Amino acid sequence: MKRIVKILPLILIYLIVCAKSCDNNEQSTLEFERYKATNVKDSITSVFESNTLNQNELKAFETMARLKLNDLADYLKIMNDSSAEKTFKEKAREMATALFIPGKKVPEYPPGTVFDSIRVCLELQAVSDSLYSGQLGFSVKLSPFYQVKRNITDAGTRIVDIFALKQKKVFGRDTLKIWNVLLGDIR
C-alpha cells in the first residue's frame with residue numbers, strides 16, 4: 001500500500017510534465033483556418049472579380065439567364081395563384097423583382113402562363129468594362145382556360161434583354177464587385 005501511495009504522485013507528476021499543451025494546438029488550428037479563409041477569398045476574388053469574361057464564362061452566364069427566366073415563370077405562377085397566401089405572393093414578387101436590372105418592373109402575365117423554348121438570340125457582348133448585353137428568345141404559352149376565355153390560340157414569341165454586369169456583393173466583412181446576370185426589358 002505504501003508503494004502505491006509513493007508511485008501515484010510520481011505518475012501524476014509525470015503526466016503533468018509530459019502532457020502537451022492545448023494552447024499550441026489551438027493556435028496552429030487558428031492559423032490554419034485563417035490561411036484557408038484567405039485562400040478561399042483569393043480564389044473567389046480571382047474568379048468573380050475578373051475584369052473581362054472569356055467565352056466559357058459568357059456561355060455560363062447565358063445559361064444562368066435562361067434559368068432566371070424559368071425562375072421568373074415560377075414566381076409569376078405563385079403571384080397569380082389565388083390559393084397562395086399573401087406573404088408567399090409578396091415574397092415571390094420580391095424575388096422576381098431581384099431577377100431584373102434596377103428600375104425594371106415584373107411583367108404581368110395571366111395565370112397558367114408558361115415560358116417555353118428558351119434560346120439565345122444574341123450572345124452576350126461587351127458594352128463596357130463592367131457590362132455585357134445579349135438577348136434571349138422564348139415562347140409564351142397561355143393556359144387553355146385563358147385561351148378559350150379570350151379566344152386566343154397562342155401568346156407568341158417574346159425577346160428579353162439580358163445583362164452580365166459587375167455588382168457589389170457582401171461576403172462577411174468584405175465587399176467585392178462580382179459579375180451577375182440580370183434580365184431587362186421583355187417585348
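## Glu62 and Phe61 in helix H3

In this predicted model, Glu62 makes contacts with Val120, Glu123, Leu124 and Ile162, once neighbours within four places in sequence are set aside. Glu62 belongs to helix H3. Its relative accessible area is 4%, so Glu62 counts as buried, the limit for that class being under 20%.

Phe61 also lies in helix H3. With a relative accessible area of 10%, Phe61 is likewise buried. Apart from neighbours within four places in sequence, the contacts of Phe61 are Leu53, Leu124, Trp179, Asn180 and Val181. One of these partners, Trp179, is 118 residues away from Phe61 in sequence, while the C-alpha atoms of Phe61 and Trp179 are 9.1 Å apart in space. Leu124 is in contact with Phe61 and with Glu62.

## Overall composition

The protein contains five helices and four strands. Read from the N terminus, the order of the elements is α-α-α-α-β-β-α-β-β. Of its 187 residues, 27% are buried.

The accessible surface amounts to about 13,200 Å², and carbon and sulfur atoms hold 57% of that area. Among contacts with a separation of 6 or more, 57% are between residues 24 or more positions apart.

## The four-stranded sheet

Strands S1, S2, S3 and S4 form an open sheet in the order S1-S2-S3-S4, with antiparallel pairing. S1 and S4 are the edge strands, each of them paired on one side only. From one strand to the next, the twist averages 25°. In general, the strands of a sheet pair through backbone hydrogen bonds, in either a parallel or an antiparallel sense.

Helix H3, which carries Phe61 and Glu62, lies across S1, S2, S3 and S4. The helix runs at about 140° to S1.

## Strand pairings and hairpins

S1 and S2 run antiparallel and are joined by nine bridges. Within this pairing, Val120 has Leu136 of S2 as its bridge partner. The two strands form a hairpin, with two residues between them. Val120 is also among the contacts of Glu62.

S2 and S3 pair in the antiparallel sense over 10 bridges. Two positions illustrate the register: Ser139 is bridged to Thr157 in S3, and Gln135 stands opposite Asp161 in S3. S3 and S4 also run antiparallel, joined by 11 bridges. Here Lys166 stands opposite Trp179 in S4, and Trp179 is in turn one of the contacts of Phe61. S3 and S4 form a hairpin with two residues between them. In its turn, Gly172 has a positive phi of about 65°.

## The nonpolar core

The largest nonpolar core comprises 30 residues, and Leu69, Leu72, Phe115 and Leu183 have the most contacts inside it. At least two core residues come from each of helix H3 (55–79), helix H4 (86–97), strand S1 (114–128), strand S2 (131–141), strand S3 (156–171) and strand S4 (174–186). The largest share, nine residues, is supplied by H3. As a general tendency, nonpolar side chains in soluble globular proteins are buried together.

Which residues does Leu183 contact, leaving aside its neighbours within four places in sequence? They are Ala65, Lys68, Leu69, Leu72, Leu99, Phe100, Ile101, Val160, Asp161 and Ile162. Two of these partners, Leu69 and Leu72, are named with Leu183 among the residues with the most contacts inside the core. Another, Ile162, is in contact with Glu62.

## Arg187 and the segment after S4

Arg187 is located in the segment after S4. Is this residue buried, exposed or partly exposed? At 49% relative accessibility, Arg187 is classed as partly exposed, because the exposed class begins over 50%.

Not counting residues up to four places away in sequence, Arg187 touches Gln135, Arg158, Ile159 and Asp161. A polar contact of 3.0 Å links the side chain of Arg187 to that of Asp161. Gln135 and Asp161, both touched by Arg187, stand opposite each other in the pairing with S3. Asp161 is also in contact with Leu183. Pro107 and Arg187 are 80 residues apart in sequence, and their C-alpha atoms are 9.9 Å apart in space.

Key
Residues numbered from 1 in each chain as written. Predicted model: local features only at pLDDT ≥ 70, side-chain atom pairs only at ≥ 80, totals over all residues. Heavy atoms only, no water. Core = buried A, V, L, I, M, F, W, Y, C linked by side-chain atoms within 4.5 Å. Buried < 20%, exposed > 50% of the residue type's maximum accessible area, 1.4 Å probe, protein only. Contact = heavy atoms within 4.5 Å. Pairing = 2+ DSSP bridges. Axes fitted to C-alpha atoms, helices over the stretch in contact; angles between N-to-C directions. Areas by Shrake-Rupley, 256 points an atom, 1.4 Å probe, with all protein chains shown as cover. Polar contact = N/O pair within 3.5 Å; in protein donor to acceptor, adjacent residues only side chain to side chain.
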